[in-house]
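Grab a pencil and have a look at the model below. A few short exercises follow, each with a solution worked through in steps.

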Amino acid sequence: MTPKKKVLLVEDHAVTRVGVKHVVNSSPDFEVVGEAEHSPQIASLLNETRPDFVLLDLRIPGENVLNMVKDWKKEHPDLKVVTLTMLDEQPIVHSAIEAGVDGYLLKSDDLSSLTKNLNEIAAGKTVYSKNLKLSFNRKPQDGKVANKKEKQILTLLGHGKTYQEIGTEIGLSKRTVEYHVGRLKDRFNAKTVAELIGRAKEQVLI
């Protein structure tokens, strides 16, 4: 029998902790092995419990937890960090991506999908809340590129550059480039990078 993946739950609201813990522990794949209510507790719990996942609320007492993510991942290379938060503002999401989170989930999501998302992240995918995409796309999209950075990414994709190469050239992490490409695919209604490039060319954007 495959051992359950261990989850460290970082959440300062007791009622939310109870609900999330119940969902996680009801799964055959995951179990909560530690709980932190504020940021100073996290480092010691990481060392004590050696979790596979940190399920992270961004608004907890103490230091900004996003400032800690890179250090956690450096010390625990296989660790997956996944937000579970109410915060859906773009600057915060971008900061989380830059910090290296493996998933950005919202508390407004259906909790029954939580362990499914964790399994996808365990398989190497980066998962974003569907509600998060909706919050970013409140205005109708007409296929136009929203900013200079996205046009740069499209152009470099058209030149056959990899996400890593694009990130190095324009000063972004690979994960951030992946995030922007995902948003561009949504906006252009494209399922693949090749389809995205083709539609951008049709609109003379590259």
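Keep in mind that this is a predicted model.

**Exercise 1.** Find out which residues of helix 10 are buried, and what they pack against.

*Solution.* Start with the helix itself, residues 193-202: Leu 196, Ile 197 and Ala 200 are its buried residues. Now look down the axis of helix 10: these residues fall within an arc of 95 degrees, so they line one face. That fits a general rule: an α-helix has 3.6 residues a turn, so residues three or four places apart point the same way. Next, follow the buried residues outwards, and you'll meet helix 7 (148-158) and helix 9 (174-188). Finally, flip to the face turned away from the buried side, where Ala 194 and Glu 202 sit exposed.

**Exercise 2.** Work out how the rings of Phe 30 and Phe 53 are arranged.

*Solution.* Check the distance: the ring centres are 5.6 Å apart. Then check the angle: the planes stand at 80 degrees, and over 60 counts as edge-to-face. Both residues are buried. Since Phe 30 is in strand 2 and Phe 53 in strand 3, the pair ties together parts 23 residues apart in sequence.

**Exercise 3.** Describe how domain 1 (5-128) and domain 2 (148-201) meet.

*Solution.* Begin with the contact: 10 residues come from domain 1 and 6 residues from domain 2. The two domains bury about 680 Å² between them, 45% of it on carbon and sulfur atoms. On the domain 1 side, His 94, Ile 97 and Glu 98 lose the most area, together 51% of what that side buries. Last, count salt bridges between the domains: there is 1.

Key:
Residues are numbered from 1 along each chain as its sequence is written. This is a predicted model: local features need pLDDT of at least 70, side-chain atom pairs count only at pLDDT 80 or more; totals for chains, interfaces and linings use all residues. Side-chain values use heavy atoms; hydrogens and water are left out. Buried means under 20% relative accessible area, exposed over 50%, partly exposed in between (1.4 Å probe, protein chains only). Helices (H or I, at least four residues) and strands (E, at least two) are DSSP runs, numbered from the N terminus. The arc is that of the directions from the helix axis to the C-beta atoms. Contact means heavy atoms within 4.5 Å. Rings of Phe, Tyr and Trp (its six-membered ring) pair if their centres lie within 6.5 Å; planes under 30 degrees apart count as stacked, over 60 as edge-to-face and the rest as tilted. Buried area is the accessible area (1.4 Å probe) that two parts lose on being put together, summed over both. A salt bridge is a side-chain nitrogen of Lys or Arg within 4 Å of a carboxyl oxygen of Asp or Glu.
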